[in-house]
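Visitor: Could you take me closely through one helix, its packing against other helices and the empty space around it?

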Amino acid sequence: MGLDLSCPPDSGTIRRVRGATGIGSLPGTDIDEAARVVVGELPELPHVPELPGRGVGADMIGRTAGLLVDLAIEVVTSGYRVTPRAGRDHRRAVDLLRGDLDAFDEALERAGAQPETVKVQAVGPWTLMSNIELMRGHRVLTDPGAVKEFAASLAEGLKQHAAEVARRTKAKVVVQLDEPGLPAVLQGLLPTPSQLGTVAAVPGPDARNVLATVIDALKDHEVVVHCCAPHPPLTLLREAGAAAIAFDATLIKGAEALDEIGETWQAGTTLALGLVPSTDPGVPVALKDVGQRAFTLVDRLGFPRSILVELALPTPTCGLAGASSTWVKRALSLTRDLSSAFSEPPEGW
């Protein structure tokens with residue numbers, strides 16, 4: 001399998017970036033420090049950090065729920081639930097995100113940085129709807145009318161959010177949709193409220209169409225879809241319109257998964273390869289230890305190694321919320337150095 005890169009199609013924002021990026025989350029509760037680290041370590045494509053350690057409204061579901069337009073959530077004993085009007089929990093999510101943007105702006109200003117592109121993250125529609133309950137206790141994704149309403153609300157909220165970040169930073173904004181729960185949605189693995197059964201699987205075409213609705217609404221921004229599950233549905237994500245797909249490359253196994261990667265590259269979609277451990281493995285990690293997997297993958301699929309420059313970005317394997325502060329800096333440094341290695345592989349690679 002090979003790809004002719006001699007005359008690539010018109011490059012979008014993602015493909016023009018020659019650098020590395022993070023997935024989103026960092027440890028701790030100090031947003032000013034987190035923003036400083038991201039801006040310093042990932043100058044080509046910094047992202048607005050997420051700090052789920054701050055609790056309600058800062059976790060991935062609450063944070064994204066705060067972006068919803070004309071929909072509000074609250075915390076109940078079982079998790080997040082739709083509520084008729086915005087209350088304390090919803091306002092907390094909104095306030096935390098506003099503070100995060102302020103901290104990101106300040107970090108850029110202090111560093112004298114003016115990146116051409118920045119990235120924001122939010123939960124994608126299926127992971128969001130599988131983790132929020134309707135008022136009667138069932139998951140949002142079990143109600144077709146609610147699915148349509150949530151997808152539209154999320155799309156509008158993301159448009160507004162991305163526009164605000166673009167205005168603040170004077171940069172192009174890439175939107176990352178996190179869909180770690182999508183494989184469970186497709187496979188019918190989510191338990192019902194009684195825990196005695198499972199929610200019916202969502203057919204692939206339906207899942208793709210809803211995701212495509214959100215991506216299409218963000219036509220002014222390129223969209224990355226991130227799925228760190230062992231078997232990310234790459235074809236579905238590509239067909240939904242993702243400009244790039246981020247996944248944990250260390251979990252990929254089997255011929256079927258490799259074929260999907262090859263087909264995705266063949267279609268001209270960028271892959272953000274999760275290669276650097278998201279937590280300290282407890283042993284020294286050299287650049288070659290994390291980078292060799294990418295070159296082996298390319299060689300095995302029969303692509304020219306230049307595809308790592310044209311259609312790949314290195315990232316940590318997942319978010320860094322569980323890492324130590326020391327490992328965060330080491331992981332992001334390795335990710336940045338790996339980007340350089342993609343362009344100019346060291347001798348012996």
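Guide: Axes here are lines fitted to C-alpha atoms, for helices over the stretch in contact, with angles from 0 to 180 degrees between N-to-C directions. Helices (H or I, at least four residues) and strands (E, at least two) are DSSP runs numbered from the N terminus. The model is predicted, so local features need pLDDT of at least 70 and side-chain atom pairs pLDDT 80 or more, while totals for chains, interfaces and linings use all residues. Residues are numbered from 1 along each chain as its sequence is written, and side-chain values use heavy atoms, without hydrogens or water.

The helix to follow is H4, residues 88-111, whose axis comes within 10 Å of that of H6, residues 144-169, at a crossing angle of roughly 25 degrees. H4 and H6 are therefore roughly parallel to each other (under 35 degrees; over 145 is roughly antiparallel, 65 to 115 roughly perpendicular, the rest oblique). The crossing of H4 past H6 is right-handed, that is, the near helix is turned clockwise from the far one by less than a right angle. On the H4 side the contact (heavy atoms within 4.5 Å) is made by Leu97, Arg98, Leu101, Asp102, Phe104, Asp105 and Leu108, and on the H6 side by His161, Glu164, Val165, Arg168 and Thr169. These contact residues comprise 5 nonpolar, 2 polar and 5 charged, where Ala, Val, Leu, Ile, Met, Phe, Trp, Tyr, Cys and Pro count as nonpolar, Asp, Glu, Lys and Arg as charged, and the others, Gly among them, as polar.

H4 also packs against H2, residues 31-41, with the two axes coming within 8 Å and crossing at roughly 50 degrees. That angle makes H2 oblique to H4, and the crossing of H2 and H4 is right-handed. From H2 the contact takes Ile31, Asp32, Ala35, Arg36 and Val39, and from H4 it takes Asp100, Ala103, Phe104, Ala107, Leu108 and Ala111; by class there are 8 nonpolar, no polar and 3 charged residues. Phe104 and Leu108 of H4 thus take part in the contact with H6 as well as in the contact with H2.

Turning to empty space, the structure holds 2 cavities of 30 Å³ or more; a cavity is a set of points on a 1 Å grid over the protein atoms alone where a 1.4 Å probe fits but cannot get out, and its lining residues have an atom within 4 Å of a point. The second largest cavity has a volume (the space filled by probe spheres set on the points) of about 50 Å³. Its lining consists of Val48, Arg63, Leu67, Leu97, Val120, Gln121 and His161, or 4 nonpolar, 2 polar and 1 charged. Leu97 of H4 and His161 of H6, both named in the contact of those helices, are among these lining residues.

The largest cavity, for its part, holds about 70 Å³ of space and is lined by 14 residues, with Thr21, Lys119, Val224, Ala272 and Leu313 nearest its centre. Strands E7 (244-248), E8 (270-276) and E9 (312-316) are the elements that each give two or more residues to this lining, which has 8 nonpolar, 5 polar and 1 charged residues.

Definitions and conventions
On a 1 Å grid over the protein atoms alone, a cavity is a set of points where a 1.4 Å probe fits but cannot get out, and a pocket is an open set with protein on both sides within 12 Å along at least five of seven lines; lining residues have an atom within 4 Å of a point.
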